[in-house]
Amino acid sequence: MASATLSTPVSKATGPRKGMPKWVWALPPVAVLALVFLYPLALVVQQSVQPDSGGTSLGPYADVFASSAFREALGTTVWLALGATVGCLVLGFALALVIAFVPFPGGKAVAKFIDVFLSFPSFLITLALLFVYGSVGMANGLWTDVTGAATGPFQFLTTPWGVLLAEITYFTPFVMRPLLAAFSQIETAQLEVASSLGAKPARIVRRVILPEALPALAAGGSLVLVMCLNEFGIVLFTGAKGVTTLPMLVYSKAILESDYPGACVVAVVNVLISVGLYGLYRVVSRRAGA
């Protein structure tokens, strides 16, 4: 009797529980995503096919694609993004090697500062460069004080090379962070064995460290490429009037020209390029991991 009495509550406790379906928990994030991202994006796409004359037409796309300003902005955006990505990969790899494998005082503090640097807004770094190398910056001021010249020699920040320098300066830590994480997984015994066998530092980097760093380089490089394609603050704050990228063209058409369909067309093209590059990166990374 006692065993029969005790078996009843146990069976009830272990029985299946009825609750809300799992898909219900996905509704809040999906609703937030639709409201914050998908709905504004749908409005941009809708506006891009609604010319000022009324109706629905692909005329805004034809007008934008036929304009030389769009083609120049597209070319400038692509080469600046590619140049900044290559510069960040080279500089980030070199700096990460020094921080990870060359012991020096304050190395850990530098590694922690990189994490803090990632939170800085891009225009802050650009303003710092302007204070140093701007037309009235410290470098030009020192030159004019010493030589008595009317202007200084450093005028490159208002050129495409100045924008490229600012982007490399700002985005390099985005490459260094995954590299430092990858380098922390490398066994020091591998480096010691390679060194004891007579391998020089360059060979150790090429044969031992670089293969381990390739996934981190791909991740950091793809992130920098996409971010450079959409960078607006650096180009704006450098004051490079002759440098027009796709984000700057969106700003120009929307704010200065009040051409909202044209601005939406450029924005849609920019989004498609970014999403396409991200999709290509996912395909390549999946094949590399297969």
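## Helices and ground rules

Helices here are DSSP runs of H or I with at least four residues, while strands are runs of E with at least two, and both are numbered from the N terminus. Tyr-251, for instance, is found in helix H12.

What you're looking at is a predicted model, where local features need pLDDT of at least 70, side-chain atom pairs count only at pLDDT 80 or more, and totals for chains, interfaces and linings use all residues. Residues are numbered from 1 along each chain as its sequence is written, and side-chain values use heavy atoms, with hydrogens and water left out.

## A nonpolar patch on the surface

Let's start on the outside. Phe-123, Leu-124, Leu-236, Phe-237, Tyr-251, Ile-255 and Leu-256 make up a nonpolar surface patch, and together they have about 640 Å² of accessible area. Three elements each give two or more residues to it: helix H6 (122-133), helix H11 (233-238) and helix H12 (246-256). Which helix gives the most? That's H12, with 3 residues.

A few terms help here. Patches are built from residues with over 30% relative accessible area and no salt bridge; like charges are joined within 9 Å, and nonpolar side chains (Val, Leu, Ile, Met, Phe, Trp, Tyr) within 5 Å. The areas themselves come from the Shrake-Rupley method with a 1.4 Å probe, and for residues only the protein chains shown count as cover. As for labels, buried means under 20% relative accessible area, exposed means over 50%, and partly exposed is in between (1.4 Å probe, protein chains only). Tyr-251 has 34% relative accessibility, so it counts as partly exposed.

## A salt-bridge network around Lys-253

Side chains of opposite charge can pair when their charged atoms come close. How many salt bridges does the structure hold? There are 2 (a salt bridge needs a side-chain nitrogen of Lys or Arg within 4 Å of a carboxyl oxygen of Asp or Glu).

Lys-253 takes part in one with Glu-257, where the closest N and O atoms are 4.0 Å apart. Lys-253 also pairs with Asp-259, and there the closest N and O atoms are 3.7 Å apart. These shared partners join Lys-253, Glu-257 and Asp-259 into one network. Is Lys-253 buried or exposed? It has 11% relative accessibility, so Lys-253 counts as buried. Glu-257, on the other hand, is partly exposed at 47%, and Asp-259 is partly exposed at 22%.

Ser-258 belongs in this stretch of chain too. You'll find Ser-258 in the loop between H12 and helix H13 (260-289). Its backbone has a positive phi of about 55°, although Ser-258 is not a glycine. With 41% relative accessibility, Ser-258 counts as partly exposed.

## Cysteines without disulfides

The structure holds 0 disulfides (a disulfide is a pair of cysteine sulfur atoms within 2.5 Å). Take Cys-88: the nearest cysteine sulfur is that of Cys-228, and it sits 5.9 Å away. Cys-88 has 0% relative accessibility, so it counts as buried. Cys-264 is buried as well, at 13%.

Cys-88 has a partner of another kind, at least in terms of distance. Its C-alpha atom and that of Ile-168 are separated by 5.4 Å, with the two residues 80 apart along the chain. Ile-168 has its place in helix H8, and it is buried with a relative accessible area of 16%.

## Rings and a helix contact

How many aromatic pairs turn up in the whole structure? A search finds 13. To pair, rings of Phe, Tyr and Trp (its six-membered ring) need centres within 6.5 Å; planes under 30 degrees apart are stacked, over 60 are edge-to-face, and the rest are tilted. Phe-65 and Phe-70 form a tilted pair, 5.4 Å centre to centre with 40° between the planes. Phe-65 is partly exposed at 40%, whereas Phe-70 is buried at 5%. Add Tyr-61 to Phe-65 and Phe-70, and you have one aromatic cluster.

Last stop: Thr-85, found in helix H4 (residues 68-101). Thr-85 is buried, with a relative accessible area of 10%. Its side chain reaches the backbone oxygen of Ala-81 at 2.7 Å. That's a polar contact, meaning a pair of N or O atoms within 3.5 Å; within protein, one must be able to donate a hydrogen and the other to accept it, and residues adjacent in sequence count only if both atoms are side-chain atoms.
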